[in-house]
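Load the model in your viewer and show it as a cartoon, with side chains hidden for now. The stops below are given in the order in which to select them.

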Amino acid sequence: MEETRNLIIIGGGPAGYTAALYAARANLAPLVVEGFNWGGQLMITSDVENYPGYADGIMGPEMMADFRRQAERFGTEFVTDDVTEVDFSERPFKVVVDKDEYRANSVIIATGASARWLGLPGEATYQGRGVSACATCDGSFFRGKELIVVGGGDTAMEEATFLTRFATKVTVVHRRDEFRASPIMLDRARNHENIEFITNAAIDEIKGDGKVESVVLRDTQSGNTWEQKVDGVFVAIGHDPNTKLFVDWLDHDDAGYLVTKPGTTETNIAGVFAAGDVQDHTYRQAVTAAGSGCMAALDAERFLAELEGHAGTALTAPRPEAAEV
Ligand code: NDP
């Protein structure tokens with residue numbers, strides 16, 4: 001049987017690694033179960049220009065490698081695999097990775113969020129062959145091509161603008177004629193000579209022959225459909241939190257984001273904390289995720305110190321249904 005650890009951090013993005021850095025420096029010897037694809041969303045980003053301290057910008061993967069190395073330097077242990085199950089019914093909490101079971105008196109959840117897909121015919125078939133949810137990862141494959149970006153938020157505007165570096169024409173397809181995107185990003189896209197907009201329109205099908213060749217578009221008001229030739233479709237319709245393993249245990253909102261007590265990273269189970277995009281659908285920045293990772297480590301440290309102060313008393317966590325919110 002594995003020893004009971006102080007702290008397990010689930011998730012290897014800016015929040016998880018920052019939590020690990022702080023916890024390791026506080027001598028908590030954290031274990032980070034960082035996921036098979038560690039690094040989080042920044043691994044599919046190119047230039048990061050808005051992380052303070054990198055005055056000349058940095059590539060996303062390089063920055064995450066820096067984060068990881070900094071946590072490692074102070075003694076963080078890593079498991080490069082995905083958590084398959086958790087049991088928060090009592091302390092020590094259980095975190096299962098396939099056949100391996102880890103136990104800890106506190107857990108920080110920092111599993112982030114993932115891009116949403118449309119769920120259309122053809123979408124899954126042509127992923128990697130013209131369908132993508134990441135302009136910065138796949139844009140350069142579309143030099144001289146014509147692309148569609150789906151969505152009306154900041155991500156869609158950012159991706160459309162970015163894709164003009166490669167594509168000759170980018171068409172933003174949005175299901176309404178009002179946009180969630182901030183005015184500055186919308187205007188930047190609107191004023192770009194290689195970006196066109198089709199509003200009040202949805203994609204019904206992505207068609208191709210080995211790779212994307214066209215889409216079937218539908219006017220959301222008249223219902224009329226038409227086919228348009230295109231070389232690639234970038235889906236930019238938002239994100240979902242990676243909380244499937246936790247929603248049976250922890251309070252969450254309707255979209256599945258974990259709910260933390262205002263001003264803290266505490267969930268409804270004492271000793272379980274949440275940091276980063278998994279509990280934040282508003283800011284979703286690397287720097288805010290890192291900040292809340294720091295908060296979670298400090299919260300966990302205080303929780304463990306208090307637990308130690310009460311050594312000898314029962315260390316049983318409340319069951320989810322009985323937990324205080
Ligand atoms: P948003 O939720 O803001 O926008 C999602 C867009 O996708 C909406 O226009 C929505 O349409 C559309 N959409 C959702 N589901 C579907 C569907 N099934 N079919 C068609 N369209 C759909 O997500 P974003 O990822 O754009 O942004 C998330 C957050 O990140 C925001 O707070 C944003 O400001 C921030 N962000 C900031 C950036 C920056 O400052 N550099 C860059 C990128 C994001 P509808 O409006 O009709 O619901």
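A residue counts as buried under 20% relative accessible area, as exposed over 50%, and as partly exposed in between. Keep those cut-offs at hand for the side chains on this tour. The model is predicted.

**Stop 1: the two domains**

Colour residues 4-114 together with 239-322 as domain 1, and residues 117-235 as domain 2, following the domain assignment of the chain. Taken over C-alpha atoms, the centres of domain 1 and domain 2 are 34 Å apart.

**Stop 2: the shell around the ligand**

Select the ligand and the 18 residues around it; those that come nearest are D154, T155, R176, R180 and R284. With the domain colours still on, both should appear in the selection: domain 1 and domain 2 each supply at least three residues to the shell. Which helix gives the most to this shell? Helix 4, residues 154-163, does, with three residues. Recolour the shell by residue class and it divides into six charged, eight polar and four nonpolar residues.

**Stop 3: polar atoms at the ligand**

Show sticks for R180, E158 and G153. In the side chain of R180, an N or O atom is 2.6 Å from an oxygen atom of the ligand. For E158, a polar side-chain atom lies 3.1 Å from a ligand nitrogen atom. At G153 look at the backbone instead, where a polar atom is 3.5 Å from an oxygen atom of the ligand. On its own the ligand has 920 Å² of accessible area, and the protein covers 74% of that.

**Stop 4: from the ligand to a salt bridge**

Stay with R176, one of the residues that come nearest to the ligand. Its side chain meets that of E178 in a salt bridge, with N to O at 3.9 Å. Are these two residues buried, partly exposed or exposed? R176 has 34% relative accessibility, which lies between the two cut-offs, so R176 counts as partly exposed. E178 is exposed, because its relative accessible area of 53% is over 50%.

**Stop 5: more salt bridges**

Side chains of opposite charge can pair when their charged atoms come close. The count of salt bridges in the model comes to twelve.

Select R116 and D240 next. They form a salt bridge in which the closest N and O atoms are 3.2 Å apart. This pair links distant parts of the chain, 124 residues apart: R116 sits in the loop between strand 9 (113-115) and strand 10 (131-132), and D240 in strand 18 (residues 239-241). R116, at 34% relative accessibility, counts as partly exposed. D240, at 33%, also counts as partly exposed.

Then move to E266 and K261, whose side chains meet in a salt bridge at 3.5 Å, N to O. E266 is partly exposed, with a relative accessible area of 29%, and K261 is partly exposed at 30%.

**Stop 6: the loop after helix 4**

Finish at R165, in the loop between helix 4 and strand 12 (169-173). Is R165 buried or exposed? Its relative accessibility is 56%, which is over the 50% cut-off, so R165 counts as exposed. For a last distance, pick the C-alpha atoms of R165 and I148: they are 14 Å apart in space, and the two residues are 17 apart in sequence.

Conventions
Residues are numbered from 1 along each chain as its sequence is written. This is a predicted model: local features need pLDDT of at least 70, side-chain atom pairs count only at pLDDT 80 or more; totals for chains, interfaces and linings use all residues. Side-chain values use heavy atoms; hydrogens and water are left out. Domain bounds come from an automatic or database domain assignment. A residue is near a molecule or strand if one of its heavy atoms lies within 4 Å of it. A polar contact is a pair of N or O atoms within 3.5 Å; within protein, one must be able to donate a hydrogen and the other to accept it, and residues adjacent in sequence count only if both atoms are side-chain atoms. Accessible areas come from the Shrake-Rupley method with a 1.4 Å probe; for residues, only the protein chains shown count as cover. Helices (H or I, at least four residues) and strands (E, at least two) are DSSP runs, numbered from the N terminus. Ala, Val, Leu, Ile, Met, Phe, Trp, Tyr, Cys and Pro count as nonpolar, Asp, Glu, Lys and Arg as charged, and the others, Gly among them, as polar. A salt bridge is a side-chain nitrogen of Lys or Arg within 4 Å of a carboxyl oxygen of Asp or Glu. Buried means under 20% relative accessible area, exposed over 50%, partly exposed in between (1.4 Å probe, protein chains only).
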